[in-house]
Amino acid sequence: MIKAVRGTRDLLPPDSDLWNRVEGKVRNLFARYNYHEIRTPVFEDTSLFSRSVGEETDIVSKEMFTWEDRARAQSEKAQSLTLRPENTAGVVRAYIEHGLYKTGTLQKLYYIGPQFRRERPQKGRYRQFYQIGAEIIGPPSAGSESPARDAEVLEMLATLLDEVGLKGWQLQLNSVGCAEDRARYNKALREALQPVVHQMCADCQRRAETNPLRVLDCKVPEDQPIIEKLPKIGEYLDEPCRQHFAAVRAMLDAVGVPHSINERMVRGLDYYTRTTFEFTHGGLGAQSAVLGGGRYDGLSESLEGPKAPGIGFAIGEDRLVLALQSQGEPPRESVQAYIAPLGAGMGLHALNLARELRRAGVTADLGDESFRLKRSFELAEKAGAKYIVIVGENEVASGQFAVKDLSSGEQVSVPRAELTRQLAK
Ligand code: ATP
Ligand code: MG
């Protein structure tokens, strides 16, 4: 028997109902914040990711699904392609490719879709997973560099998590400074690592040479005490970066978004500058990050685009749904009415009633005239229906229908013309 590939999942009802409810709420929220959807391809030129996310990151060095796409004609060259491991690079590529910067305004773009990373599958970690993300990007003259954008994005995320119903989230913030700050910090790290790096894992020994900042991403337990003693990036920020970060925090305080500082959080992608953040949730176990994001002021230029500072985030939708389930979020909206035809010829009347209800916005499920009364009740119960309406010969003849509340057992008699109005309540 052929099964779904390890690390991939089928999303089935009723779970898929919860996914859709989350996506519906999120789309509604994005619209209110004036974000618009962008859909980029699920695969891209490999170099897009190596140049933006960075060669030394876990994502590019070991997690990408990459293949050589053979040339189809002699005039064509083979091309290295990669399933997108994240979506910011694709969005910024599209921003440059379509000249969106020419508008001179801020682009506020969101996406919802699958991402792919070759990771060890476990709870909250899959090889095909879904992200809901957004980016604000534009020329500095449009205000893209301002700390107000950071605060606006973080305030939106706090509202988003509240609106989807996540309780007890925590926001951790850090600043990774600008390129010059990081050059100084990397130098300090290299010096601090020199006497201790031989005690660390093989990855850290390599990172200490190539990109010392990435040592902070290390998850090997034995390396943690060493990492804790390394210099902190906060001490290496220049004055403008320090002020930018202070302004972001002051605005968050002013709008009442609680947050804490985590100086070790440098995030596993090279394009981040200044503000970086993660929202975590206790219901997720080891994979506690529901979402991550940050500012990427030099990303556009590194992809040969114009200066276009930006900030964005990606929510792990799988983890968001897991967190909601861990707090007992019901998977599906209940069916309001189960219409149960009883006896030959009643299916037609039931179909008409169901059609009327559904067109009036009532969620209705329809039985079958061949079912006995007992079976109809069982199926109504299984469907989670609030009410059952029996459509039998007597009801049709008298024009009076019994509407039974399945949880209380209460029953009322409703004239045919009043049924839709009654059930729409
Ligand atoms: P982690 O430290 O958990 O590996 P990350 O830093 O690699 O996360 P990002 O690249 O920042 O993750 O992606 C943003 C969000 O996407 C994460 O916070 C997480 O919720 C989600 N995510 C990342 N990788 C996976 C995965 N393999 N499976 C499910 N969700 C994921
Ligand atoms: Mg990861």
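These exercises walk through a predicted protein model and its ligand, each with a worked solution.

The model is predicted, and local features need pLDDT of at least 70, side-chain atom pairs count only at pLDDT 80 or more, while totals for chains, interfaces and linings use all residues. Residues are numbered from 1 along each chain as its sequence is written, chains are lettered from A and ligands numbered from 1 in the order in which they are written, and side-chain values use heavy atoms, with hydrogens and water left out.

**Exercise 1. The chain as a whole**

Find how many helices and strands the protein chain has, and what share of its residues is buried.

Solution.
- Step 1: Start with the secondary structure, where helices (H or I, at least four residues) and strands (E, at least two) are DSSP runs numbered from the N terminus. The protein chain has 15 helices and 16 strands.
- Step 2: Look at the extent next. Along the principal axes, the C-alpha atoms of the protein chain fill a box of roughly 90 × 60 × 50 Å.
- Step 3: Turn to burial, where buried means under 20% relative accessible area, exposed over 50%, and partly exposed in between (1.4 Å probe, protein chains only). Of the 425 residues in the protein chain, 50% are buried.

**Exercise 2. The surroundings of ligand 1**

Describe the shell of residues around ligand 1 and say which element gives the most to it.

Solution.
- Step 1: Collect the residues near the ligand, meaning those with a heavy atom within 4 Å of it. Ligand 1 is surrounded by 17 residues, and the closest are Arg-117, Glu-119, Arg-125, Tyr-126 and Arg-267.
- Step 2: Sort the shell by residue type, with Ala, Val, Leu, Ile, Met, Phe, Trp, Tyr, Cys and Pro as nonpolar, Asp, Glu, Lys and Arg as charged, and the others, Gly among them, as polar. The shell around ligand 1 then divides into seven nonpolar, four polar and six charged residues.
- Step 3: Check the space itself. A pocket is defined on a 1 Å grid over the protein atoms alone, as an open set of points with protein on both sides within 12 Å along at least five of seven lines, using a 1.4 Å probe. A molecule sits in one if more than half of its atoms lie within 2 Å of its grid points. Ligand 1 takes up the largest pocket.
- Step 4: Assign the shell to elements. Those that give two or more residues to the shell around ligand 1 are β6 (128-137), β10 (289-295) and β11 (310-316). With four residues, β10 gives the most.

**Exercise 3. Polar atoms close to ligand 1**

Which residues place an N or O atom at 2.9 Å, 3.5 Å and 3.0 Å from an oxygen atom of ligand 1?

Solution.
- Step 1: Recall that a polar contact is a pair of N or O atoms within 3.5 Å; within protein, one must be able to donate a hydrogen and the other to accept it, and residues adjacent in sequence count only if both atoms are side-chain atoms.
- Step 2: Go through the backbone. A backbone N or O atom of Ala-289 is 2.9 Å from a ligand 1 oxygen, and for Gly-316 a backbone N or O atom lies at 3.5 Å from an oxygen of the ligand.
- Step 3: Add the side chain of Arg-319, which has an N or O atom 3.0 Å from an oxygen atom of ligand 1.
- Step 4: Finish with cover. On its own, ligand 1 has 580 Å² of accessible area, and the protein covers 90% of it (Shrake-Rupley method, 1.4 Å probe; for residues, only the protein chains shown count as cover).

**Exercise 4. Two loop residues**

Decide whether Gln-336 and Thr-103 are buried, partly exposed or exposed, and find a side-chain contact of each.

Solution.
- Step 1: Gln-336 sits in the loop between α11 (317-326) and β12 (337-341). Gln-336 counts as buried because its relative accessible area is 14%.
- Step 2: From there, the Gln-336 side chain reaches the backbone oxygen of Lys-425 at 3.1 Å.
- Step 3: Thr-103 belongs to the loop between α4 (88-97) and β5 (107-116). Its relative accessible area is 49%, so Thr-103 is partly exposed.
- Step 4: The side chains of Thr-103 and Thr-105 make a polar contact at 3.0 Å.

**Exercise 5. Backbone geometry**

Where is the cis peptide bond, and which phi does Arg-274 have?

Solution.
- Step 1: The cis peptide bond joins Pro-13 and Pro-14, with omega about 5°. Pro-14 lies in the segment before α1 (15-32).
- Step 2: Arg-274 is not a glycine, yet has a positive phi of about 50°. Arg-274 is part of strand β9 (residues 273-280) and is buried, at 15% relative accessibility.

Key:
On a 1 Å grid over the protein atoms alone, a cavity is a set of points where a 1.4 Å probe fits but cannot get out, and a pocket is an open set with protein on both sides within 12 Å along at least five of seven lines; lining residues have an atom within 4 Å of a point.
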